[in-house]
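Thanks for sharing this one. Here are some notes to read alongside the coordinates, with the side-chain details taken up point by point.

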Amino acid sequence: RDTGVRDSGPPPDGSVDPMDAGDSSTPPPRDAGPLTCSVTPDDVFNLAVDPRSAPRIVGFAAGPDGFGVAWNETRDGFPDIFAQRIGSDGMPGAEVKLTDDPSQDRAPQITPVGTQWVAAYVSNEGTTGFELRTQLLSADMTLVGAANVVTDTPAQLEDNPVFLGGASGLLLSWVEDDMVALTRSGRARTIAADGTASGAVQTTTAAANRPGQIAIGELDAGPVLVWSEGVGGSGDVLMQGLDASGARRGEVSTLSVEGNADGTVDAALGVSGGAVVFGVLVGGVRSEVRFRALDMEGAFVGDERILTEGAAVGTDGSIAPFAGGYVVSYRALPAGGSPAQIRVLLVDAFGDVLETIPVADAAE
């Protein structure tokens, strides 16, 4: 059940997109079979109820035989991180509390590593500032060992961690906010299978950029970071190639065309290509979710598409590959007497919407 401002993050787990995108002059083939999906009230599980209205992202990832969910929730006066495994049969497992201390814990993400899981979150436990931590979890989400500190920059504010389980291993990226210099920078670091940091911290964005929300994926040449420019930025959605260590590779490219991005973005990118979804604010009043398909080299396939056309307005788009196309979720804002809802769209490889499925009522 939706209880906060944002429902899902981006961020994708780096799984290979089954769609063969070809190059930019050859659009990917349409899937021969129909896309099908259904949602019933019994499929909606209430994992948590948090009376706070602070923005937050719920971490979500698909594993070999189920799904991992991580979220922050205030129960004892302090926000802690919780996690739960949902089997491929749709049945939730036991809830696990990842943090239990009088500190601020937030912005969780989770990713599968073999039969286990690694969670990441931001915490100010035992420090003068906020640091990024990782925690290894067993297959059923129980804690394995102690948490690992990934950063050691107490004067900076870390936020928005995202995982990529790519061909070269696990890569963790995040945004670092310097509140004195008034700069925002993308950072990345490789993570070992046991959840510990295994490489140096790398810079993923140029000094001129101000990354807001970020997403990560992998194209044929390697990892790529996608972000929406934050306050004071260009209002564009940008993409930067990375090497296996997380350092910048090549030039940054602009994915959006109107300079009106609203700060929300997600990506479903594999070695054969994929797609990015992002929110825009048209004329300063209308919220739309846009779609952009890319080939294996990151070149455009077709035009920027509007997924929320007609009377539908919405934001907070999230995307995953599905049946040769994509499944996109978003927050539909109140319109025409209808309340705010979480909706799912089945979208083909070109961005054509094939089906719209309401999931649950939501906060605005």
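**Notes on packing and pairing**

1. Let me start with Q84. Setting aside neighbours within four places in sequence, Q84 is in contact with L47, F67, G68, V69, W71, P92, G93, A94, E95 and M141. Please keep in mind that this is a predicted model.

2. Where does Q84 lie? Q84 is part of strand β3. With a relative accessibility of 8%, Q84 counts as buried, because the cut-off for that label is under 20%. One polar detail is worth a look on your screen: the side chain of Q84 reaches the backbone oxygen of G93 at 2.7 Å, and G93 also appears among the contacts of Q84.

3. On to the rings: how many aromatic pairs does the structure hold? There are three aromatic pairs, and I will describe two of them here. One is formed by W71 and F82, whose ring centres are 6.1 Å apart with planes at 15°, so the pair is stacked; planes under 30 degrees apart earn that name. This pair links distant parts of the chain, with W71 in strand β2 (residues 66-74) and F82 in strand β3 (residues 79-87), eleven residues apart. W71 and F82 are both buried. You will recall W71 from the contacts of Q84.

4. Another pair brings together F291 and Y326. Their ring centres are 5.8 Å apart and their planes stand at 65°, so this pair is edge-to-face, the cut-off being over 60 degrees. Here too distant parts of the chain are linked: F291 belongs to strand β19 (residues 286-294) and Y326 to strand β22 (residues 325-332), 35 residues apart. F291 and Y326 are both buried.

5. Two arginines deserve a friendly mention as well. R75 has its charged end over the ring of F82, 4.0 Å from the ring centre, and F82 is the partner of W71 in the stacked pair. Likewise, the charged end of R106 sits over the ring of F130, 4.0 Å from its centre.

6. Finally, a look at strand β13 (residues 211-219): is it enclosed or open? Nine of its nine residues are buried, so β13 is largely enclosed by the rest of the structure. Strand β14 (residues 222-229) pairs with β13 in the antiparallel sense, over seven bridges. The two strands are joined by a hairpin through two residues, and L219 has G222 in β14 as its bridge partner.

Terms used
Residues numbered from 1 in each chain as written. Predicted model: local features only at pLDDT ≥ 70, side-chain atom pairs only at ≥ 80, totals over all residues. Heavy atoms only, no water. Phe/Tyr/Trp six-rings, centres within 6.5 Å; stacked < 30°, edge-to-face > 60°. Helix = DSSP H or I, 4+ residues; strand = E, 2+ residues; numbered from the N terminus. Buried < 20%, exposed > 50% of the residue type's maximum accessible area, 1.4 Å probe, protein only. Lys NZ or Arg CZ within 6 Å of the ring centre and 35° of its normal. Polar contact = N/O pair within 3.5 Å; in protein donor to acceptor, adjacent residues only side chain to side chain. Contact = heavy atoms within 4.5 Å. Pairing = 2+ DSSP bridges.
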